Amino acid sequence: SSPWIHPPWWENAAIAWTLLKDNARKFSGEDLARWAERGADDLMDVYPAQVRIAPQSHFNSYHPITSRFLHDTWEEGKFVIAFNGVLSASSPTVISVLYGAYYQ
C-alpha cells in the first residue's frame, strides 16, 4: 500500500516527497536568525540542483472555472491548461464539453 494513492493530489505529493523528503533533516539544525541576516534566496538549497523553479502560470494555468480569474488563469499563449477542480466547480456535462473541445 502506498500513501500516495488516495489523496486528491497524489501525483503532486509523490513528486514533492521525492524532491523534498530530505529537507526536514537538512534544515533541522539551521539557525533561522542567522539565515535571515544573510538575506539569502529563500529557495537556496531547498531543491536538488537539477530542479528549476518557474511560476506555475507558465506551465500549468488553471481553467477559468477553477481560477475564477483570481490567479493563474489560462489564456492563449500559455503552455498548459489544468482542469484540476473544474468538476467540483461545475458538472460532468461541463467537463465532457471542455475535454471534447480541448484540442479544437
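Helices, of at least four residues, and strands, of at least two, are DSSP runs numbered from the N terminus. With these terms in hand, the chain can be read from one end to the other: its elements run α-α-α-α-β-α-β-α-α. In total the protein chain has 7 helices and 2 strands. The model under discussion is predicted.

The overall form of the chain may be considered next. The C-alpha trace spans about 55 × 40 × 25 Å along its principal axes. A compact globule of 104 residues would have a radius of gyration near 13 Å, whereas the value for this protein chain is 18 Å. Of the 104 residues, 13% count as buried. The accessible surface of the chain comes to about 8,400 Å², and carbon and sulfur atoms account for 59% of that surface. Among the contacts with a separation of 6 or more, 14% are made by residues 24 or more positions apart.

Charge offers another view of the whole chain. The protein chain has 8 positive and 11 negative charges, and the mean positions of these two groups lie 5 Å apart. Under the rule applied here, the chain has 1 salt bridge. Which side chains meet in this salt bridge? They are those of Asp 22 and Arg 25, with a distance of 3.8 Å from N to O. This pair qualifies because a salt bridge requires a side-chain nitrogen of Lys or Arg within 4 Å of a carboxyl oxygen of Asp or Glu. Asp 22 has a relative accessibility of 39% and so counts as partly exposed. Arg 25, at 64% relative accessibility, counts as exposed.

Attention now turns to the first strand. Ser 61 belongs to strand S1, which comprises residues 61-62. Is Ser 61 buried or exposed? Its relative accessible area is 0%, and Ser 61 is therefore buried. The cut-off behind this statement is that buried means under 20% relative accessible area. Leaving aside residues up to four places away in sequence, Ser 61 touches Gln 56, Asp 72, Thr 73, Trp 74, Lys 78, Val 80, Ile 81 and Ala 82. Strand S2 consists of residues 81-82, and both Ile 81 and Ala 82 appear among the contacts of Ser 61.

One of these partners, Lys 78, merits a closer look. Lys 78 is placed in the loop between H5 and S2. With a relative accessibility of 25%, Lys 78 counts as partly exposed. Not counting residues up to four places away in sequence, Lys 78 touches Ser 57, Ser 61 and Thr 73. Thr 73 is also listed among the residues that Ser 61 touches. Lys 78 and Asn 60 are 18 residues apart in sequence, and their C-alpha atoms are 8.3 Å apart in space.

The loop that holds Lys 78 also contains two residues with a notable backbone angle. Most residues other than glycine have a negative phi. Arg 68, although not a glycine, has a positive phi of about 55 degrees. Phe 69 is likewise not a glycine, and its phi is positive at about 60 degrees. Arg 68 is found in the loop between helix H5 (64-67) and S2, and Phe 69 is found in the loop between H5 and S2 as well. How do these two residues stand with respect to the surface? Arg 68 counts as exposed at 56% relative accessibility, and Phe 69 is exposed with a relative accessible area of 64%. Arg 68 and Ala 89 are 21 residues apart along the chain, with their C-alpha atoms separated by 9.9 Å.

Beyond the second strand, the path leads to Asn 84. This residue lies in the loop between strand S2 (81-82) and helix H6 (86-89). Asn 84 is partly exposed, its relative accessible area being 27%. Which residues does Asn 84 touch, not counting residues up to four places away in sequence? They are Trp 9, Tyr 62 and Thr 66. Of these, Tyr 62 falls within strand S1 (residues 61-62), while Thr 66 falls within helix H5 (64-67). Asn 84 and Ala 24, by contrast, are 60 residues apart in sequence and 29 Å apart in space, from C-alpha to C-alpha.

Methods. Residues numbered from 1 in each chain as written. Predicted model: local features only at pLDDT ≥ 70, side-chain atom pairs only at ≥ 80, totals over all residues. Heavy atoms only, no water. Buried < 20%, exposed > 50% of the residue type's maximum accessible area, 1.4 Å probe, protein only. Rg over C-alpha atoms; globule rule 2.2 N^0.38 Å. Contact = heavy atoms within 4.5 Å. Areas by Shrake-Rupley, 256 points an atom, 1.4 Å probe, with all protein chains shown as cover. Lys, Arg positive; Asp, Glu negative; His and termini not counted. Charge placed at Lys NZ, Arg CZ, Asp CG, Glu CD.
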